[in-house]
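Biologist: Could we go through this model together? I would like to understand how its interior is packed.

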Amino acid sequence: MQRPRITTLIAEGVRCCPLTVVTGPVGAGKTMALTLWAATEPGPVAWVSLDEYHNRPAVFLSYVVAALRRSGVAVPRALPAARARAAENLFLLRLASALAAQNPPVTLVLDDFHVITEPRVLNGLEFLARNVGPGLRLVLSSRPDPPLPLHRYRLAGQLAEIRANDLAFSVAEAGLLLARHGCTLSAHSLEGLTRHTGGWAAGLRLAAISMGAHPDPDHFVDDDLLAEDSALTGFLVEEVLNAQPPEVRELLLSTCVLEQVNAEAATELAGDEEAGRILRALAHANAFVEPVGGGWYRYHTLLAQMLRRKLGRES
């Protein structure tokens, strides 16, 4: 479905800033929002969907160059045959020079940028961002903040930031999404569903799919949204909880009974002296743990409810 609000937000960011970051948890709708924006963007857009395979400089640059060519940008014909750092740096210089002459500017979208951890790849991208000038616009989609010096861009007014709160569906947008799945809810249930999911795109879509076969959608929202066998529960368990190492799962289960948690309370309940560090890491990674100030955190409503049900069954 079209989302003019978020499409406009991305378009304004790209137009005004050389770097745009779109961050949010798994299933927040980052890729879909960027896809909708790219379809309306009048200038050239080069797109690379990343995975761990791209954590090698030569591979990363090969895919970037291929995407730039597909968008119509003239770039150096080939990567250096040698794998030496000097040859790589020389190619980056040639690529930066070619992009600096690009008019109109090209927008390079790097989707799932959180998988990139190799310092040489990160440094090479930072070199391009710093030296190309107005010929290149970068858009990075990531779960946590990209490991780039964002503070420099922010201080210079060169960074557009689109966060999970921006990506979240409003009540009206949630209603349109459900309607596309053939679901109709009362105003009260629609507001309750949007509130429970926090406007989380994946949560709304999974709820819509589940309600399609339910005789009473309003009853489903009130009582069956996080049933043990629901699609939403399965997604949260597999993609959020089970994606964490055992010590993190234990901490989440031990502390989910609290409305808010800090390092001291988490250490007491989980018996883990690393509890504070784990909470900070989860919040940084956009893993459905949100800082609320003063060293306190809260779990996303759906995550907390799923954890409490799991804790009740297992303990």
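**Packing in the interior**

Modeller: Let us begin with one residue: not counting residues up to four places away in sequence, leucine 19 touches Leu138, Leu140, Leu150, Tyr153, Gln158, Leu159 and Ala160. Please keep in mind that this is a predicted model.

Biologist: Which strand is leucine 19 found in?

Modeller: Leucine 19 belongs to strand E1, residues 19-23.

Biologist: Is leucine 19 buried or exposed, and why?

Modeller: Leucine 19 counts as buried because its relative accessibility is 3%, and the cut-off for buried is under 20%.

Biologist: How many residues apart in sequence are leucine 19 and valine 139?

Modeller: They are separated by 120 residues in sequence, while their C-alpha atoms are 6.0 Å apart in space.

Biologist: Let us turn to leucine 99. What is it in contact with?

Modeller: Beyond its neighbours within four places in sequence, leucine 99 contacts Leu68, Val73, Val75, Val106, Val132, Gly135 and Leu136. Leucine 99 is part of helix H4 and counts as buried, at 2% relative accessibility. From leucine 99 to glycine 135, the C-alpha distance is 5.6 Å, with their positions 36 residues apart in sequence.

Biologist: And helix H5, which elements do its buried residues pack against?

Modeller: They pack against helix H3 (57-70), helix H4 (85-100), strand E3 (106-111), strand E4 (136-142) and helix H6 (150-155). The buried residues themselves are Val121, Leu122, Gly124, Leu125, Glu126 and Leu128.

Biologist: What is the span of H5?

Modeller: H5 covers residues 119-131, and its 13 residues reach 18 Å from the first C-alpha to the last, close to the 18 Å expected.

Biologist: Changing topic, how many residues are in the largest nonpolar core?

Modeller: That core has 50 residues, and Leu193, Met211, Tyr299 and Leu307 have the most contacts inside it. Helix H10, residues 201-211, gives the most to this core, with 7 residues. There is also a second, separate core of 36 residues, which includes Leu50, Val106, Leu110 and Val132.

Biologist: What does methionine 211 contact?

Modeller: Apart from neighbours within four places in sequence, methionine 211 is in contact with Leu178, Cys183, Leu185, Leu193, Pro217, Phe220 and Val221.

Biologist: Leu193 appears there again. Which residues of helix H9 are buried?

Modeller: In H9, residues 187-197, the buried residues are Ser189, Leu190, Gly192, Leu193, Thr194 and Thr197. Their cover includes helix H8 (171-180), H10, helix H11 (217-224) and helix H16 (301-314). Just after H9, glycine 198 has a positive phi of about 65°.

Biologist: What about serine 189, buried or exposed?

Modeller: Serine 189 is buried, with a relative accessible area of 4%. Once neighbours within four places in sequence are set aside, serine 189 contacts Asp218 and Val221.

Biologist: Finally, at what angle do the axes of H12 and H16 cross?

Modeller: The axes of helix H12 (residues 231-241) and H16 cross at roughly 95° and come within 10 Å. The two helices are therefore roughly perpendicular to each other.

Biologist: Which residues make the contact?

Modeller: H12 provides Leu232, Thr233, Leu236, Val237, Val240 and Leu241, and H16 provides Leu302, Leu303, Met306, Leu307 and Lys310. By class, this contact has 9 nonpolar, 1 polar and 1 charged residues.

Note on methods
Residues are numbered from 1 along each chain as its sequence is written. This is a predicted model: local features need pLDDT of at least 70, side-chain atom pairs count only at pLDDT 80 or more; totals for chains, interfaces and linings use all residues. Side-chain values use heavy atoms; hydrogens and water are left out. A nonpolar core is a set of buried Ala, Val, Leu, Ile, Met, Phe, Trp, Tyr and Cys residues joined through side-chain atoms within 4.5 Å. Buried means under 20% relative accessible area, exposed over 50%, partly exposed in between (1.4 Å probe, protein chains only). Helices (H or I, at least four residues) and strands (E, at least two) are DSSP runs, numbered from the N terminus. Contact means heavy atoms within 4.5 Å. Axes are lines fitted to C-alpha atoms, for helices over the stretch in contact, and angles run from 0 to 180 degrees between N-to-C directions. Angles under 35 degrees count as roughly parallel, over 145 as roughly antiparallel, 65 to 115 as roughly perpendicular and the rest as oblique. Ala, Val, Leu, Ile, Met, Phe, Trp, Tyr, Cys and Pro count as nonpolar, Asp, Glu, Lys and Arg as charged, and the others, Gly among them, as polar. The expected span of a helix is 1.5 Å times one less than its number of residues.
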